[in-house]
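Welcome to this guided tour. Open your viewer, keep the selection tool at hand, and follow along stop by stop.

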Amino acid sequence: MIVYQLGCGQNHYFEGWFASAHDFDRQAERGQLQVRKLPSAPHVHTSGSQPDAAPQSTDALRRETLVALRKFILANTDDVGRKFAEVARRIHYREEDARNIRGVVTPEEAEELRDEGVETYPISADVLPSEEVH
């Protein structure tokens, strides 16, 4: 069993349980899923496995997950700061090579990007504090 963090086009976020990673991919290829997989550390449960230690508290697990997600984002995106909307458009319209970026936009800029079909993901300050985005 594998658990993924998922999101839909209406910006609802939830977890999905699948028999395997292949099962998720197969369902997505068939168009059976209208969701996208979000960056996360997948949780895999195998029957009969015994944990080495007592399970973590929900708060401790949440903190650990936020730290892992923050590290992943910082390691796998370029910080474009206040030029986010400009760079995201250039990438969307193929005026610039595709790459993962992070930065800052106003609510109005975020809405304009959505209206243009530029795919973006808001990141909460719990995950990436504003001092880590310029």
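Which residues are linked in a network of salt bridges? Select Asp-78, Glu-86, Arg-90, Glu-96 and Arg-99, and you have the members of that network on screen. Keep in mind as you look that this is a predicted model. Now zoom in on Arg-90 and Glu-96: they form a salt bridge, with their closest N and O atoms 2.6 Å apart. Arg-90 is partly exposed, at 26% relative accessibility.

**Stepping back to the whole chain**

Switch to a cartoon view. The protein chain has four helices and six strands, and following the sequence you meet them in the pattern β-β-α-β-β-α-β-α-β-α. Of the 134 residues in the chain, 26% are buried. If you turn on a surface, you are looking at about 9700 Å² of exposed area, 52% of which comes from carbon and sulfur atoms.

**The nonpolar cores**

Next, select Val-80, Phe-84, Ala-85, Val-87, Ala-88, Ile-91, Ile-101, Leu-113 and Val-118. These nine residues form the largest nonpolar core. Helix α3, residues 84-92, gives the most to this core, with five residues. For a second, separate core of six residues, pick out some of its members, including Tyr-4, Leu-6, Phe-24 and Leu-33. In soluble globular proteins, nonpolar side chains tend to be buried together.

**More salt bridges**

How many salt bridges does a search of the whole structure find? The count is eight. Select Arg-26 and Asp-23 for one of them: their side chains meet at 2.7 Å, N to O. Both residues are in helix α1 (residues 21-29), and because they are three residues apart there, about one helical turn separates them. Compare their surroundings: Asp-23 is buried, with a relative accessible area of 12%, whereas Arg-26 is partly exposed, at 30%.

Now move to Arg-82 and Glu-109, whose side chains meet in a salt bridge of 3.1 Å, N to O. Arg-82 lies in the loop between β5 (78-81) and α3, while Glu-109 is in helix α4, so this pair ties together parts that are 27 residues apart in sequence. Arg-82 is partly exposed, with 46% relative accessibility.

**Two buried arginines**

Select Arg-36, in strand β3 (residues 35-37). Which side chain of opposite charge is nearest to Arg-36? It is Glu-119, 4.5 Å away, and Arg-36 is buried with no salt bridge. Since a salt bridge needs the nitrogen and oxygen within 4 Å, look for another partner instead: the backbone oxygen of Cys-8 lies 2.8 Å from a polar atom of the Arg-36 side chain. Show the surroundings too, and you will find contacts with residues including Gln-5, Asn-11, Tyr-13 and Tyr-121.

Then jump to Arg-102, found in strand β6 (residues 101-103). Arg-102 is also buried without a salt bridge, and the nearest side chain of opposite charge, Asp-79, is 4.1 Å away. Add Thr-77 to the selection: its side chain makes a polar contact of 2.6 Å with the side chain of Arg-102.

**Last stop: Asp-126**

Finally, select Asp-126, in the segment after α4 (107-116). Is Asp-126 buried or partly exposed? Asp-126 is partly exposed, with a relative accessible area of 43%. Leaving out residues up to four places away in sequence, Asp-126 touches Arg-62, Leu-66 and Arg-70. Try a distance from Asp-126 to Val-67 as well: the two are 59 residues apart in sequence, and 9.4 Å apart from C-alpha to C-alpha.

Methods:
Residues numbered from 1 in each chain as written. Predicted model: local features only at pLDDT ≥ 70, side-chain atom pairs only at ≥ 80, totals over all residues. Heavy atoms only, no water. Buried < 20%, exposed > 50% of the residue type's maximum accessible area, 1.4 Å probe, protein only. Lys, Arg positive; Asp, Glu negative; His and termini not counted. Polar contact = N/O pair within 3.5 Å; in protein donor to acceptor, adjacent residues only side chain to side chain. Contact = heavy atoms within 4.5 Å. Areas by Shrake-Rupley, 256 points an atom, 1.4 Å probe, with all protein chains shown as cover. Core = buried A, V, L, I, M, F, W, Y, C linked by side-chain atoms within 4.5 Å.
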